[in-house]
Amino acid sequence: MKAAILKAAKQPLQIEDTLRPRPAGDQVLLRVRACGVCRTDLHIVEGELPPRKQALIPGHQIVGDIVDGATAQLPLGTRVGVSWIGGIDGTCPYCRRDLENLCDAPVFTGYTVNGGYAEYAVARSDFVFELPSALDDLHAAPLLCAGIIGFRSLRVAGVEPGDRVGLFGFGASAHLTIAVLRSWNCEVYVSTRGASHRQLAASLGAAWVGSETDKPPVELDRAVTFAPSGDVVIAALSSLRKGGVVAINAIHLDRIPEFDYDRLLWGERQIRSVANMTRSDARDFLKLAADIRLQPKVTVFSLDQANQALAAVKNDAIDGAAVIVP
């Protein structure tokens, strides 16, 4: 099969032929239909996350058909999605507390095991999700991480219907999150760099849109940060009402600068991190996405263009999400 392979951090992916994987007893083999490109893929390729596997095939937003390893619950031909969490040990203290997203020994798709920048991929059968027919391949792929983790961020922030919610940064995840917020009748305030991102936010129903240095005109009940920048966290915190929450939606953050506790955090404001996702998050979000007919804005790249897709994400050169089609 053809695949895009990371041989060394900070080096371009190599597009080459490699052996098609064989599913183990608890796995299914998927013929990949599409794979979304996530900023986490960029962190892996650029070495901002430590390498976990040699000759890695990245990609963890996989849409594919089951072609081997079928079960009674997942027959041949079933179209499924695969996300970032590809498995857990099931025995650690966090798994026993129903906190599988914090598992001590997780499997990460496209990081600790090979992912979906390829024509075929394997996945644990208990960590794939049957996709609703209302979600086509191209629009389902970005939902499988950017969408799910954005949805979990709203849960971590404690968003309730009708809240005033700030989104700081407006890339692949935020442009899906705003659709959920709008379906909950929330007022959405977007602060982001890039004129095209601001235009997209306005077109998707944001009540207010500003640049990364602009402060929303109201105090926010909740905020979610999407940029891997500590400065953005402080900007979000400074926009909260007392008792408000900032959820940091980033697997990697440069640093959080020193800030004034009395002015910014006192008053029972909170900063919370968002770590991975659970299967419950995935199932709940995919059902909601189908119900509200969520349609991400996507730009399609061929597998041969995997490096260009990553560069487009890095440089904010596209609105919405990038999707690779083998």
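**Figure 1. The residues lining the largest pocket divide into 25 nonpolar, 16 polar and 6 charged.** Welcome to the first close-up, taken from a predicted model. The largest pocket has a volume of about 990 Å³. Its lining is made up of 47 residues, and those nearest the pocket centre are Arg39, Phe226, Ala227, Pro228 and Asn249. If you would like to trace the walls by secondary structure, look for β3, α1 (39-45), α4 (146-157), α7 (230-237), α10 and β17, each of which supplies at least two lining residues.

**Figure 2. The second largest pocket has a volume of about 320 Å³.** Here 21 residues form the lining, with Gln27, Val113, Asn114, Val122 and Ala123 the closest to the centre. Strand β8 (residues 120-124) gives the largest share of this lining, contributing 5 residues. Sorted by character, the lining of the second largest pocket holds 13 nonpolar, 6 polar and 2 charged residues.

**Figure 3. Strand β17 (residues 321-325) is largely enclosed by the rest of the structure, because 4 of its 5 residues are buried.** A residue counts as buried here when its relative accessible area is under 20%. We have met this strand already: β17 supplies at least two residues to the lining of the largest pocket.

**Figure 4. Strand β17 pairs with β3 (residues 27-37) in the antiparallel sense.** The pairing runs over 3 bridges. To find your place in this view, start from cysteine 35, which stands opposite isoleucine 324 in β17. Both β3 and β17 also appear in Figure 1, as each supplies at least two residues of the largest pocket's lining.

**Figure 5. Strand β17 pairs with β16 (residues 298-302) in the parallel sense.** This pairing extends over 5 bridges. A handy landmark is threonine 299, which stands opposite alanine 322 in β17. Following the chain from β16, you pass through helix α10 (residues 306-314) before arriving at β17, and this β-α-β crossover is right-handed. Helix α10 is another element that supplies at least two residues to the lining of the largest pocket.

**Figure 6. Stepping back, the protein chain contains 10 helices and 17 strands.** The C-alpha trace spans about 55 × 40 × 35 Å along its principal axes. How does the radius of gyration of the protein chain sit beside that of a compact globule? For 326 residues, a compact globule would have a value near 20 Å, and the 19 Å of the protein chain agrees with this. Of those 326 residues, 52% are buried.

Note on methods. Residues numbered from 1 in each chain as written. Predicted model: local features only at pLDDT ≥ 70, side-chain atom pairs only at ≥ 80, totals over all residues. Heavy atoms only, no water. Buried < 20%, exposed > 50% of the residue type's maximum accessible area, 1.4 Å probe, protein only. Pairing = 2+ DSSP bridges. Right-handed = clockwise from strand over helix to strand, strands pointing away. 1 Å grid on protein atoms, 1.4 Å probe; cavity = no way out; pocket = protein on both sides within 12 Å on 5 of 7 lines; lining within 4 Å. Points joined across faces, edges and corners; volume = space filled by probe spheres on them. Nonpolar A, V, L, I, M, F, W, Y, C, P; charged D, E, K, R; others polar. Rg over C-alpha atoms; globule rule 2.2 N^0.38 Å.
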